[in-house]
Every structure is written in structure tokens, then in C-alpha cells.
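Trainee: Could you take me through one part of this model, the largest cavity, and explain what surrounds it?

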Amino acid sequence: MRSLALVLVSALAGAGCGDHLGGGATDAATLDGPGAVIDAGPVDGPPGDGRSPLVEARPYELYVPTGYHAGTPTPLVLMLHGYSANATLQEIYFQFEPGAEAHGFLYARANGTVDGVGNHFWNATDACCNLGHSTVDDVAYLRAVIDDVAARYTVDPKRVFVVGHSNGGFMSHRLACDLADKVAAVVSFAGATYADPGQCNPSQPVSVLEIHGTADLVIGYNGGRVVGADAAYPAATTTASIWRSKNGCTGTANGGRLNLIADVIGDETRTERGTGGGAGGAVELMTMVGGGHVSPLVQPDFRDAVWGFFAAHPRP
């Protein structure tokens with residue numbers, strides 16, 4: 001699988017990307033304007049202070065908007081990077097921090113572990129991208145991250161959301177399957193759910209948005225198989241169909257069109273929505289006609305589309 005980190009670096013070269021964010025506390029000015037708060041999270045706390053050992057071993061970064069008020073239930077968005085990328089590169093590409101500031105949500109970003117060839121990955125589905133057959137439990141880790149943020153800030157339990165790209169998109173689907181008690185909605189950009197619907201058994205409905213480009217040569221819109229993976233992944237249309245079935249949708253309806261990527265002229269993204277489902281189980285597919293795996297995003301339109309889906313779909 002081609003290194004997403006290299007693709008992102010190539011796509012963002014010369015774009016004024018800002019400084020690299022390593023582990024630990026980070027100056028907010030490196031990625032956003034004055035007044036923003038970057039909290040390095042549990043690395044600031046002493047060992048044995050009641051936090052999960054999973055989080056102590058793998059600190060995450062948390063963006064706290066300046067409008068946050070303790071005691072006021074606040075949405076949480078967790079972002080998951082793609083294979084071989086990291087939270088820093090993914091934020092430079094997604095640019096969600098300004099959205100967190102504008103819309104007032106807590107924004108956590110974490111890193112997967114490193115595989116045998118030196119790439120960060122998430123142990124998501126059997127199709128992507130635990131190529132070294134690691135035993136790492138990223139579901140448990142990301143549950144611990146959500147719980148850690150909620151222990152330190154006033155997180156609205158009905159508005160916990162996950163967004164991921166590529167391998168992070170696969171992991172978003174995995175969390176919808178396995179952390180339905182925690183997560184209200186997920187957005188996957190260039191990911192997919194399990195090809196076998198029987199491997200995903202959410203305890204309650206989760207709203208799902210899949211965003212995918214028809215010209216994606218890394219994770220194909222029509223499905224495929226990552227070299228070295230244990231299984232194939234389904235087409236974007238099949239991913240949406242699987243979730244509509246799980247969430248009790250009985251039909252589909254066409255939504256509007258959007259301009260979310262800069263390398264295709266016009267409103268290239270068409271939306272299809274599931275209909276007839278129950279509360280808390282919306283399903284949408286946004287098809288970027290002509291869009292690739294790392295197409296340049298039109299901002300703030302892309303992040304506003306993601307946040308708009310989240311904002312419209314809290315847990316009932």
C-alpha cells in the first residue's frame with residue numbers, strides 16, 4: 001500500500017502547513033490563531049493518577065476551543081489518521097481545528113501504533129491495515145481516549161463523534177461496530193466497513209457517513225483488496241448498503257450536491273441518504289465524482305460538511 005504520509009506531504013508541499021506536532025504539549029499558534037488551547041492530555045499527569053495505562057502509554061492531543069465552559073455538555077470529535085500518516089499530517093490535511101473553534105467542539109487526535117516497516121496504523125478491519133498481524137487492541141485504546149477526555153472535560157455523551165481517513169476510515173467503521181455504546185456517529189473518508197456484515201454487530205444504531213472518490217486508486221470506490229491484507233473490502237455503495245440494512249433503512253433518496261475537492265470543477269459530490277430508518281441510525285454516502293484518495297479539499301466546505309453531519313445526528 002502506497003505510503004499515505006508521502007502522498008500527504010506531496011499534496012501539501014508549499015501550502016504553508018505549519019510546524020510538526022510531536023508528542024507532548026504544543027504551542028497553539030503552530031496550527032491556529034491566538035487564544036486557542038492545545039492540551040497534550042495525560043502526558044501532563046503523574047503516573048498512577050487514575051488514568052488508563054493504555055492512555056498513559058499512548059498520549060493523545062486535545063484541542064479545547066476557547067469558548068469551552070466546564071459544566072456545559074460539549075461535543076467531542078475524535079480524528080483518526082490514515083495508514084503511514086499521523087495525527088499531525090492528518091490535521092494539516094483535514095484542518096479541523098478552525099472548525100472546533102468555530103463550532104465549539106472538543107477535538108482529540110491520536111496516533112496508531114507503528115508496524116514492522118515503521119508505519120503508523122490502526123488495527124481496524126480484516127481488510128486494513130494490520131498487515132503485520134499485531135495483537136494491539138485499538139478499540140480498547142480509543143475507548144480509553146474517549147473516557148479520558150470525558151473524565152477531564154464536560155463531554156456530552158450523546159455527541160461523541162469519530163472521523164477517519166483511509167485506514168482511519170476503516171477504524172471509524174470498526175468503532176461504529178464495536179463502540180456503539182460510546183459513539184453517536186462516524187464519518188469515513190476513503191474507508192470501508194467489513195465485507196462480511198456478520199463481523200459487525202453494533203449494540204445500538206450509529207449514524208454513518210461514507211465519503212469516497214470514484215478515482216481513488218488506493219482504496220477503490222468499487223472495492224478491492226490491500227496488498228498483504230487478510231480480506232477484501234467492499235465498495236463504497238456496498239458499505240452504505242450494509243449500514244442501511246443494520247439501521248433499518250427501507251430506501252434511499254438523493255440529497256444535494258457539494259463542491260468538496262479542488263481538483264474537480266463544479267459540485268462534484270453527490271449525496272445519497274437512507275430513508276425509513278429509526279432514530280440515531282442515519283446513513284449517507286457522499287460520492288466525489290473524479291475524486292482521488294488525497295484530493296485537495298475545499299475548506300471550510302469539507303469540514304463543515306463533516307461537522308454538519310455530526311451536528312444533525314446526536315444520539316437520541
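Mentor: A cavity here is a set of points, on a 1 Å grid over the protein atoms alone, where a 1.4 Å probe fits but cannot get out, and lining residues have an atom within 4 Å of a point. Grid points are joined across faces, edges and corners, and a volume is the space filled by probe spheres set on the points. This is a predicted model, in which local features need pLDDT of at least 70 and side-chain atom pairs count only at pLDDT 80 or more, while totals for chains, interfaces and linings use all residues. Residues are numbered from 1 along each chain as its sequence is written, and side-chain values use heavy atoms, with hydrogens and water left out.

By this rule there is 1 cavity of 30 Å³ or more, and the largest cavity holds about 60 Å³ of space. Its lining is made up of Val77, Phe96, Gly99, Ala100, His103, Phe105, Arg303, Asp304, Val306, Trp307 and Phe310. Helices, which are DSSP runs of H or I with at least four residues, numbered from the N terminus, help to place this lining: α4 (97-103) and α8 (301-312) each supply at least two of its residues, and α8 gives the most, with 5 residues. Sorted by character, the lining of the largest cavity divides into 7 nonpolar, 2 polar and 2 charged residues, where Ala, Val, Leu, Ile, Met, Phe, Trp, Tyr, Cys and Pro count as nonpolar, Asp, Glu, Lys and Arg as charged, and the others, Gly among them, as polar.

Terms used
1 Å grid on protein atoms, 1.4 Å probe; cavity = no way out; pocket = protein on both sides within 12 Å on 5 of 7 lines; lining within 4 Å.
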